[in-house]
Each structure stands twice: as structure tokens, then as C-alpha cells.
Amino acid sequence: DCADASQLSPTRNVSMTALQALAMLNNRFVVRQSEHLAARVAGAGDVGAQIKAAFQIVLAREPTAEELKGFSEYAEEHGMANGCRLMLNSNEFMFVN
């Protein structure tokens, strides 16, 4: 979405299409950055500690108990790189509030 250049517009409308979301989730660059982030937090300890470290890097905050549980379970089943990829595709990371 882009404002009409011929009109004055103080803000830009924000929308996300399914194609944009899929591109961000499956883009080679995002996948590779997720792998780099997983490698960066690998020395933090167990999966929970790695999730906490990744949250600090990506979102600059601690995860809630619910987020920690959900991301830990996901990372244990699918790998830390995929858990990091979810963080990089979260609304909190993608959009400035």
C-alpha cells in the first residue's frame, strides 16, 4: 500500500496480503536469518533460555509465560531456527505500533 503521490497524506494505510505473509515466511533471506539467530542464541543454555535470548534480540523484551511455553514446545518439535522464524514473522516484529 502506498499513498497517492499527488495528494498530501500524513500516514500510510497498512495492510498485509496472504502473498506477502507467505513470502516473508518462506523467503530465503528470512530463513537464513532465522538460522543465524538460532546459532547466536545456541549458547544460552536449554531451549527456554534460548527462547528468552531470542526474544530479547528480536522484540527487546522478555516473553510472557504463555509465549515461553508455546515457543519452547514449537522449537523442541521443529527446531530453534523455525522458532526464530516465527518470531521474525510476528506482528510485533513486522509492524511499528
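Start by selecting helices α2 and α3, which are oblique to each other, because their angle falls in none of the other classes (under 35 degrees is roughly parallel, over 145 roughly antiparallel, 65 to 115 roughly perpendicular). Their axes, lines fitted to C-alpha atoms over the stretch in contact, with angles from 0 to 180 degrees between N-to-C directions, cross at roughly 125 degrees and come within 9 Å.

Before you go on, note that this is a predicted model, where local features need pLDDT of at least 70, side-chain atom pairs count only at pLDDT 80 or more, and totals for chains, interfaces and linings use all residues. Residues are numbered from 1 along each chain as its sequence is written, and side-chain values use heavy atoms, leaving out hydrogens and water.

Now show the side chains of Leu37, Arg40 and Val41 in α2: they meet Gln50, Ala53, Ala54, Ile57 and Val58 in α3 (contact means heavy atoms within 4.5 Å).

Next, keep α2 (residues 28-41) and add α5 (residues 80-88): these helices pack at about 115 degrees, with axes 8 Å apart. Among the α2 residues to pick here are Leu37 and Val41. On the α5 side, select Met80, Ala81, Cys84, Arg85 and Leu88.

For the last stop, which two residues form an aromatic pair? Select Phe55 and Phe71, with 5.3 Å centre to centre and 85 degrees between the planes, an edge-to-face pair (centres within 6.5 Å; planes under 30 degrees apart are stacked, over 60 edge-to-face, the rest tilted). Phe55 sits in α3 (residues 47-59) and Phe71 in α4 (residues 65-78), so the pair ties together parts 16 residues apart in sequence. Phe55 counts as buried at 1% relative accessibility, and Phe71 counts as buried at 18% (buried is under 20% relative accessible area, exposed over 50%, partly exposed in between, with a 1.4 Å probe and protein chains only).

Notes: Helices (H or I, at least four residues) and strands (E, at least two) are DSSP runs, numbered from the N terminus. Rings of Phe, Tyr and Trp (its six-membered ring) pair if their centres lie within 6.5 Å; planes under 30 degrees apart count as stacked, over 60 as edge-to-face and the rest as tilted.
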